[in-house]
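Let's take a friendly walk through this model, with the sequence and the coordinates side by side. We will look at the cysteines, a metal site, a helix and a ligand in turn.

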Amino acid sequence: MKRHASLLFLASIQLPAWAQQRPNIVYIMTDDHTAQMMSCYDHRFVETPNLDRIAADGVRFTRSFVANSLSGPSRACMITGKHSHKNGFTNNEHGIFDGSQQTMPKLLQAAGYETALIGKWHLVSKPTGFDHWEILPGQGDYYNPTFIHMDGSQAVDSGYVTRVITDKALDWMEHHVTAPNSAEGYKPFALFVHHKACHRAWLPALEDLRLYEDRTFPLPPEFHDDYATREAAAKTEMEIGKDMDIVYDTKMFVSPQETPRTRLSGSYQNMIGRLSKEERKRYDDFYVPLSRAFYEKWGTDYNFLPKQPQSSISGSRDAELLEWKYQRYMRDYAKVVHELDVQVGRVLDYLRDHNLLDNTLVVYTSDQGFYMGEHGWFDKRFMYEESLSTPLIMHLPAGYERRGDINEMVQNIDYAPTFLELAGAPVPNDIQGVSLLPLLKGKAATKADKQAIKHWRDAVYYHYYEYPAEHDVRRHYGIRTDRYKLIHFYGHDVNQWELFDLKNDPHELHNLYGQPGMEQLQRTLHRRLEQLQIQYDDPQR
Ligand code: SGN
Ligand code: CA
């Protein structure tokens with residue numbers, strides 16, 4: 001504690017006065033939180049009043065994308081500002097992030113920022129570039145989560161993970177802004193709050209268990225997609241019907257004796273086994289009656305949806321069960337989002353009550369988007385819109401006057417150069433993203449900013465690598481332009497190009513590749529794709 005304070009003091013007297021005025025950064029990144037489940041993006045499903053506050057007094061990006069729709073890879077892109085093939089972390093299953101490479105947190109530190117990371121990390125190696133960190137091991141747990149500390153020790157914190165992470169983040173800020181040298185001003189800080197919510201298996205806080213139970217969610221229009229013309233989509237294992245585990249995902253569990261043993265029922269028991277006796281009672285009071293009623297109706301020997309695509313489900317029994325699974329999925333996910341919203345509200349209130357809002361950039365985003373039944377799916381990985389996209393809303397510090405929607409195409413490799421430029425730090429040439437600051441200045445935009453906006457990127461590049469792996473999404477790369485998308489699924493048993501016209505086919509159901517009349521468009525898109533692969537130096541093409 002003492003050492004920490006004296007270091008702060010030393011650092012602060014070495015900093016020029018202007019440096020102490022530089023904006024703080026509070027970066028809140030959730031896991032698998034998709035824009036469909038945020039009311040500032042989509043009114044159909046849930047209410048997120050606190051997230052909506054960020055969008056209402058700040059900006060909302062309407063075309064915000066990731067470079068590789070998976071947790072570890074996405075995080076690596078974010079902290080390096082580089083695509084996966086450059087930062088080396090291409091997939092969750094075999095990667096270990098090389099923490100000795102250049103990262104944005106390290107560059108912020110070098111520019112005089114105090115940096116801290118709390119929550120999900122998922123890059124296997126220990127974090128580097130943070131003055132303080134406390135991370136969840138791997139995916140972490142929802143209930144009474146274990147944290148790994150900087151000295152390597154591990155300890156369990158009681159409570160629900162979204163609240164625990166927020167408590168730790170607020171404690172860190174409180175300590176930082178009230179440090180003994182506060183009369184001199186404290187160092188600007190960059191705080192990375194990385195939530196576990198709302199990752200599978202969507203376990204709600206105990207106080208939220210009964211929320212959304214009276215809600216019947218509308219099915220997305222392409223729920224019964226038959227994947228015609230899209231070979232890779234047809235081969236995946238992420239359908240709500242056939243791939244969601246009745247115990248693990250929909251939480252139909254009474255006791256080991258009265259519940260069928262499924263592929264993931266053991267993992268489910270481990271997750272809820274973390275609850276104390278009293279907590280478990282509250283949990284069971286909600287889920288056990290539901291589960292009993294479920295097994296009474298369906299029996300325990302039923303296969304809970306056959307191994308067949310849900311587009312071909314026609315029997316009323318299977319159709320009813322499929323829709324029931326969708327409703328359970330949506331309700332549990334919505335509960336988890338509710339708690340996220342409440343906890344983000346606490347961070348916003350803290351900043352407001354400490355007069356920090358004027359001097360802080362608050363970013364809310366996710367490691368990728370997610371399917372809420374679109375194409376019949378849960379999970380992500382594909383370059384289709386729901387999981388190529390990620391929510392991105394910001395509260396801007398004073399001097400950045402842009403408000404409302406920003407429609408330029410942005411990507412998670414842009415966060416690093418944005419934060420560096422905001423911190424007044426040089427942006428190294430090998431960073432592949434571009435600073436978003438020109439888009440945020442509003443009336444204060446300079447001539448150079450206006451030029452940057454005029455020549456903004458016309459396409460984003462995407463590359464997904466994790467196959468063979470869970471959910472069976474084949475490797476693919478591609479580009480998305482304002483209107484079109486060109487994707488190449490490759491390797492193993494698939495070699496197929498897909499082309500979509502997002503204007504006429506927003507749900508990406510009609511692969512136009514190879515259709516008569518597409519020759520010219522295909523040539524143009526192929527050329528642009530190749531240019532981007534050269535620009536980003538992706539060897540796999
Ligand atoms: C776990 C989940 C998957 C999920 C991956 C990656 N299975 O393996 O459903 O796709 O994480 O998610 S589970 O049985 O462990 O829940 S990511 O967001 O971390 O990339
Ligand atoms: Ca994720």
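Why is the sulfur of C198 not in a bond with the closest cysteine sulfur, in C40? The sulfur of C198 lies 13 Å from that of C40, which is too far for a bond. A disulfide, after all, is a covalent bond between the sulfur atoms of two cysteines, and the cut-off used here is a sulfur pair within 2.5 Å. Please keep in mind that this is a predicted model.

The wider picture agrees: a search of the whole structure turns up zero disulfides. Seen from the other side, C40 is in no disulfide, and its nearest cysteine sulfur is that of C198. As for their surroundings, C40 counts as buried because its relative accessibility is 14%, and C198 counts as buried because its value is 0%.

**The calcium site**

Next comes the calcium ion (ligand 2), which is coordinated by D31 (OD), D32 (OD), D367 (OD), D367 (OD) and Q368 (OE1), at 2.1 to 2.7 Å. The site is irregular, with angles of 52 to 170° among its six donor atoms. Along the chain, the donors follow the spacing D-D-x334-D-Q. Two of these residues show how distant parts of the chain are linked: D32 sits in the loop between strand 1 (24–30) and helix 3 (49–57), while Q368 sits in the loop between strand 9 (360–366) and helix 13 (385–388), 336 residues apart. D32 and Q368 are both buried.

**Around ligand 1**

Which residues come nearest to ligand 1? Of the 18 residues around ligand 1, they are Y248, D379, R381, E470 and H471. Some side chains place a polar atom by an oxygen atom of ligand 1, and the table gives three such pairs.

| Residue | Partner | Distance |
|---|---|---|
| D31, polar side-chain atom | oxygen atom of ligand 1 | 3.3 Å |
| R200, side-chain N or O atom | oxygen atom of ligand 1 | 2.9 Å |
| E470, polar side-chain atom | oxygen atom of ligand 1 | 2.7 Å |

D31 therefore deserves a second look on your screen: D31 is among the residues coordinating the calcium ion (ligand 2), and a polar atom of its side chain also lies 3.3 Å from an oxygen atom of ligand 1.

**Helix 12**

Finally, consider helix 12, which covers residues 316–353. At 1.5 Å a residue, its 38 residues should span 56 Å, and the end C-alpha atoms are 55 Å apart, which agrees. Helix 12 is followed by N355, whose phi is positive, near 55°.

Definitions and conventions
Residues are numbered from 1 along each chain as its sequence is written. Chains are lettered from A and ligands numbered from 1 in the order in which they are written. This is a predicted model: local features need pLDDT of at least 70, side-chain atom pairs count only at pLDDT 80 or more; totals for chains, interfaces and linings use all residues. Side-chain values use heavy atoms; hydrogens and water are left out. Buried means under 20% relative accessible area, exposed over 50%, partly exposed in between (1.4 Å probe, protein chains only). Donors are N, O and S atoms within 2.8 Å of the metal (3.2 Å for Na, K and Ca); water is not among the atoms, so sites may look incomplete. Four donors count as tetrahedral if all angles lie between 85 and 135 degrees; four count as square planar and six as octahedral if opposite donors are over 155 degrees apart and all others between 65 and 115; anything else is irregular. Helices (H or I, at least four residues) and strands (E, at least two) are DSSP runs, numbered from the N terminus. The expected span of a helix is 1.5 Å times one less than its number of residues. A residue is near a molecule or strand if one of its heavy atoms lies within 4 Å of it. A polar contact is a pair of N or O atoms within 3.5 Å; within protein, one must be able to donate a hydrogen and the other to accept it, and residues adjacent in sequence count only if both atoms are side-chain atoms.
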